[in-house]
Amino acid sequence: MANSYGVECENGILLDIPINHQELANFSSTSRESITRELNHLQSKGVISKKGRKIVIHSLDYLKRQINCEGCPVEYCVIN
């Protein structure tokens, strides 16, 4: 989502799309409860913060490590 909707801001990358937990769960094929737990965990670690219904990513490198990102071309991760 950072590649498709991300806008660089002073403290990270703003996902410039309003999204709720259920929409994120649908997008990632998981439950709303799992999304809520993970977002709270990431927020407590300072990896992300919430700005209304938008998310600011403070550590994209942390997220890439967690998903074993292989550093492929950005085009592979863009949502059409």
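Helix 2 and helix 3 pack against each other here: His 21, Gln 22, Leu 24, Ala 25 and Ser 28 of helix 2 touch Arg 32, Ile 35, Thr 36 and Leu 39 of helix 3. Sorted by type, the residues in this contact come out as four nonpolar, four polar and one charged. Keep in mind that this is a predicted model.

**How the two helices cross**
- The axes of helix 2 and helix 3, the latter covering residues 32-44, come within 8 Å and cross at roughly 105°.
- Angles of 65 to 115 degrees count as roughly perpendicular, so that's the label for helix 2 and helix 3.

**The two ends of helix 2**
- At the N-terminal end of helix 2 (residues 21-28), Asn 20 acts as the cap, with a side-chain oxygen 3.1 Å from the backbone nitrogen of Gln 22.
- Gln 22 also turns up among the helix 2 residues that meet helix 3.
- Just past helix 2 sits Ser 29, with a positive phi of about 55°.

**The strand hairpin**
- Strand 3 (residues 48-51) and strand 4 (residues 54-57) run antiparallel and are joined by four bridges.
- One pairing to look for is Lys 50, whose bridge partner in strand 4 is Ile 55.
- Two residues lie between the strands of this hairpin, and Gly 52 has a positive phi near 70°.

**The wider picture**
- An unreviewed UniProt entry lists residues 1-61 as "domain: HTH crp-type".
- Across residues 1-61, the chain is 44% helix and 26% strand.
- The C-alpha atoms at the two ends of that stretch are 14 Å apart.

Conventions: Residues are numbered from 1 along each chain as its sequence is written. This is a predicted model: local features need pLDDT of at least 70, side-chain atom pairs count only at pLDDT 80 or more; totals for chains, interfaces and linings use all residues. Side-chain values use heavy atoms; hydrogens and water are left out. A polar contact is a pair of N or O atoms within 3.5 Å; within protein, one must be able to donate a hydrogen and the other to accept it, and residues adjacent in sequence count only if both atoms are side-chain atoms. Two strands pair if DSSP finds at least two bridges between them. UniProt positions are given in the numbering used here, feature names are shortened, and annotations may be inferred rather than shown by experiment. Axes are lines fitted to C-alpha atoms, for helices over the stretch in contact, and angles run from 0 to 180 degrees between N-to-C directions. Angles under 35 degrees count as roughly parallel, over 145 as roughly antiparallel, 65 to 115 as roughly perpendicular and the rest as oblique. Contact means heavy atoms within 4.5 Å. Ala, Val, Leu, Ile, Met, Phe, Trp, Tyr, Cys and Pro count as nonpolar, Asp, Glu, Lys and Arg as charged, and the others, Gly among them, as polar.
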